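Me: Can you walk me through a few spots in this model?

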Amino acid sequence: MKKIKFIVPILALAFFSCDNYLDINSPSPNDISFSQASPSKLLPGAQTSCYRVQGTTMNQLGNVFMNSWTRNVQSWGNGYDKELQLNLDTGFYNSGTLSIVSGSTGLASLIKNFQAIIDYPNPDGKYDNYVAAAKICKVHYVQQLVDLYGDIPYTEAWKGTGNITPKYDDDYAIYQSLFGELQQARDLISNAPATAEDIAPYDVMLKGDLAKWTEFANTLQLRMCLRMSAVTGAKATLRDQKLADLSTIINNGGSFITANVVVNPGFNSSTDDQASPAFGTFAYLVSGNLQNNRTFVTMSGHAYKALQSYATTNWAAFGNNYEIVAGSGINYPNVLDPRSAKLFTLGSGQTVRRAVTQGSNVVDVTTPAGTLPGLPCRLGLAGNFNLYGQAAGGTLPEYFACDGYVMTLSESYFLQAEAALRYPALFSGAQAAFDNGVTEDFTMRNATIGTYLSLINAKPNFGYTASTTTAQKLHAIMYQKWIALMGVNAIQSYLDYTRTGFPVTPLPLGALVQNKKPNRLMYPTAEYVANSANVPNMVAADCFSLNSHTPFWVPGAPQN
C-alpha cells in the first residue's frame, strides 16, 4: 500500500485563561475585574489553568525528550522537528505555553492568580486556608519553571502594571523562598482561626481537605530536596536541614501524599474548552472527531523495546544488540510489561504492534514477524486518559470528564524510595516504596500486574531487589518512575534525567544540533524584547554546557 504523508503544522495545543476555562462560580469571574476577585473566585481558575499547561505542553515535552513519544512517520512528514534535532532557540516551547513573559498565557503569567490570593487583604485570617493552598500550588509550579529555566523573575513578578519589567532572581534564592512558602502554608493550616473560610466549595484539587494539602506540601519539599541531591556547600546544608525537618514530620505522624493530587472543576463534553485537558488535546474533540494528535503521536522505538520482551521485538533488524545506549553496559530488560498495551494501542485497523525509532523516517520496530511499513501504535486511552477506569462505560463524554493529575501517588512512592536510598539515616523502606510505586502505577494504568513485579525485581537496573550498587538501585527507581510518569507528567522524568543521567535513554537518530539532552530551556524572544534590561543574555549552546546559566542543582553546575 502506498504510504501517504501529509506535510502540515503539528500539535495545536489550545490554552485558556482561568477567566474563560470553566464557569464554575456564581457570579461568573468574567463579570468582575481581576482586582476585585476574591480568593474564592480566583482559586478554581488558577488551579485549572496552571494544570492545563502541565498536563499538555510540559507533559508533551517530557515525553519527547525522554524518548517515549515520537511522530507517526507513516502518515506525517514533519513534526517534533526541533525536539528531535535538539534545536533549542528563543521560540522553543515558549509562546503561550511555558512563557515567562508577563501578561502572556504562559505558566509563569498564570501563577499571578495564586499570588493574587496570597496578596488579598486578610487582616482577620478569614482567607488563611486559601492562602495556604495558593502558596503550595505556587511552589509546585514555580519550582518547575526554575528547573526548566534557572533564574526567572520572582520577587518582582506578578505585579501587573506595577512592574512590567521584573528583575530576574537567582534560582537557588528562589528555592530558598519556596521552602519558606511551604512552611508558611503548613503553619497557616495548623493555626488558622476557627472563623477561617472553608475552601471546599471552591477547591477543585483536594476538596478543602487541609490534611491532604499538608501532605502535598511535604511531598513537594521532598521533591525539591531530591532535586538538590548533587549540590555542595551551603546548599547541601540547607537541603539536609529540610530533609531532617521532613523526617521529623514523618516520625511524628505526618505523611507524604496518600492519594493522587488531581484537578477537576467539572470537566465535561459540553465544549472543547471544558474538556479534560489531556484528553481534549491528545485524543478527541467533543464533536467526536479525532484531534490531529490522535494520529500524530506514536510510540517510540525505545519505549517499545523497553516495554516488550526480546521475543516480541524484531531485534534481528538491529543486529541483536540489546544495549540501550552503546557503551552503557545496560541492556533492555527483556520483560513483557503489561502496561505496554495500555500505554500504546494498535492503530486503526492494525493487528501488529509497531513503533518508530526517534529520528527515523520509517516505521522500523515491530514483532519478529511483523510486516513493515504499517501504522505504528498510538496513545492508549485506558493507559493515558482513563486512569483508574474513571470512564467506566468507556464513552467519550466520560473521558472528557476525567480528572487531571497534578501529582501521582506513584511519583510520591518513587521519591520516597530515592530518599531512603540516598539518606538512610533519615528515611527507610526503599524496597517497599519501590514496590508500591510499581504496583500503584499498574492500578492507575488499568493493567494487570501478574508476575511482573517479581520478574522485574530479578533484573539489576530495573528492579530494586536484584540491584546491588547505588547506581543500579537509582537506575531502577528512575526507570520505573519514567514509566509511571509517561503520558501524565513526563516533564518530571526529564528533570530527573538531567539530575541523575537515569534512566539510560537514547538520543534521537540524527540529532543534528547537539549530542546530549539540554540542561535547561532558552528564554523566550518576547522577554528579550519586553524586558531586555533584565533577562540574562545567553545562546543556545549555554543550554547544553555547564555554566552560570545552568540550574544550580544540575551536577557540575557552578556552586557560587
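Here are some short questions with their replies.

Reply: Quick note before we start: this is a predicted model, where local features need pLDDT of at least 70, side-chain atom pairs count only at pLDDT 80 or more, and totals for chains, interfaces and linings use all residues. Residues are numbered from 1 along each chain as its sequence is written, and side-chain values use heavy atoms, with hydrogens and water left out.

Me: Is alanine 37 buried or exposed?
Reply: Alanine 37 sits in the loop between helix H1 (18-21) and helix H2 (39-65). Buried means under 20% relative accessible area, exposed over 50%, and partly exposed in between (1.4 Å probe, protein chains only). Alanine 37 has 7%, so the call is buried.

Me: How do H2 and helix H6 (residues 112-119) pack, roughly parallel or roughly antiparallel?
Reply: Their axes (lines fitted to C-alpha atoms over the stretch in contact, with angles from 0 to 180 degrees between N-to-C directions) are 8 Å apart at about 155 degrees. Under 35 degrees counts as roughly parallel, over 145 as roughly antiparallel, 65 to 115 as roughly perpendicular, and the rest as oblique. So H2 is, relative to H6, roughly antiparallel.

Me: Which residue of proline 277 and threonine 281 offers the backbone oxygen in their pairing?
Reply: Threonine 281 is in helix H11 (residues 277-282), and at 4% relative accessibility that threonine is buried. Its side chain reaches a backbone oxygen at 2.8 Å. That oxygen belongs to proline 277.

Note on methods. Helix = DSSP H or I, 4+ residues; strand = E, 2+ residues; numbered from the N terminus. Polar contact = N/O pair within 3.5 Å; in protein donor to acceptor, adjacent residues only side chain to side chain.
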